[in-house]
Amino acid sequence: LFFQVSLADEISGLAAAMYTQHPLLVLLFYSLIMIATIILMNMLIGVLVEAIASLAEKERSAMQIEQVKETLQTILTSGEEEDGNESMISKEDLRIILNSKTTCWALQEIGIDVVGLVDTADALFAEHAEDAQYYSHDKKLTFHEFMEVLLHLRGDNKARVSDIVDLKKSLNRLIRKVEKMQTQKESQ
């Protein structure tokens, strides 16, 4: 019965057989067919709506990211001639970028915590040389690298295993650096 109703195969023959048993069974049978059809139709509509909503969200996010890129490039290239090379962004450039209300608003629109970005600026532009005595905060990022870092810092991103591995590497690097400095201090 289930397969015949769900596949709508030979419904009239099945209804005729039910009518011979009891006429009210036919009414119940056609009600079952209507309910099953409506449920199936609603499930398909729900799947389609969810897929379209997901696609629309991705498109909206892509448009916002493109708007942020254009805003950042406008701020970074204002007063400078475009020489065809990809511009390098320093900590000072980040300060200039964050002085623009338009940029701060655009960054917040794509889910970047601007206050958190200011707080992590030292870490973003820190050189991680193993043999360096102290960390240098003069590192420069290409525009592409800078955008990757910004998009990685969005609040709606989920932590991944690679993020934990990167954190572990950074912590190990810092521990080795502290141990090295401690050994040097003890030897003096």
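On one side of helix α5, Lys101, Thr102 and Gln108 are exposed. This is a predicted model, and α5 is a good place to enter it. The helix runs over residues 101-109. Its buried residues are Thr103, Cys104, Ala106 and Leu107. Why do these four share a side of α5? They cover an arc of only 165° around the axis, which puts them on the same side of the helix. The general rule behind such a pattern is simple. An α-helix has 3.6 residues a turn, so residues three or four places apart point the same way.

What do the buried residues of α5 pack against? Their partners are α3 (23-77), α4 (91-98), α6 (114-119) and α8 (143-152). Just after α5 comes glycine 111. This glycine takes a positive phi of about 95°.

Turn next to α4. Here Asp93, Leu94, Ile97 and Leu98 are buried. Viewed down the axis of α4, these residues fall within an arc of 135°, so they line one face of the helix. Which elements does that face meet? The buried residues of α4 pack against α3, α5, α6 and α8, and also against β1 (88-89) and α7 (121-124).

The contact between α3 and α4 can be followed in detail. The two axes come within 10 Å and cross at roughly 115°. That angle makes α3 roughly perpendicular to α4. The crossing is right-handed. From α3 come Leu72, Ile75 and Leu76; from α4 come Asp93, Ile96 and Ile97. By class, this contact of α3 with α4 holds five nonpolar residues, no polar ones and one charged. Asp93 takes part in this contact, and Asp93 is also on the list of buried residues of α4. Ile97 likewise appears both in the contact and among the buried residues.

Helix α3 also crosses α8. Their axes come within 12 Å, at an angle of roughly 135°. That makes α3 oblique to α8. This crossing, too, is right-handed. On the α3 side, the contact is made by Ile65, Val68, Lys69, Leu72, Gln73 and Leu76. On the α8 side, Phe143, Phe146, Met147, Leu150 and Leu151 take part. Sorted by class, the contact of α3 with α8 has nine nonpolar residues, one polar and one charged. Two residues of α3 tie the two crossings together. Leu72 and Leu76 meet α4, and Leu72 and Leu76 also contact α8.

Two further residues of α3 deserve a look. Glutamine 64 lies in this helix. Is glutamine 64 buried or exposed? Its relative accessible area is 13%, and the limit for buried is under 20%; glutamine 64 is therefore buried. Leaving aside residues up to four places away in sequence, glutamine 64 touches Glu109 and Ile110. Glu109 belongs to the stretch of α5, residues 101-109.

Threonine 77 is also found in α3, a helix that spans 23-77. At 30% relative accessibility, threonine 77 counts as partly exposed. How far from threonine 77 is serine 87? They are 10 residues apart in sequence and 8.4 Å apart in space, C-alpha to C-alpha.

To retrace the route: α5 packs its buried residues against α3, α4, α6 and α8. Helix α3 is roughly perpendicular to α4 and oblique to α8.

Note on methods: Residues numbered from 1 in each chain as written. Predicted model: local features only at pLDDT ≥ 70, side-chain atom pairs only at ≥ 80, totals over all residues. Heavy atoms only, no water. Buried < 20%, exposed > 50% of the residue type's maximum accessible area, 1.4 Å probe, protein only. Arc of directions from axis to C-beta. Contact = heavy atoms within 4.5 Å. Axes fitted to C-alpha atoms, helices over the stretch in contact; angles between N-to-C directions. Parallel < 35°, antiparallel > 145°, perpendicular 65-115°, else oblique. Left-handed = near helix turned anticlockwise from the far one by under 90°. Nonpolar A, V, L, I, M, F, W, Y, C, P; charged D, E, K, R; others polar.
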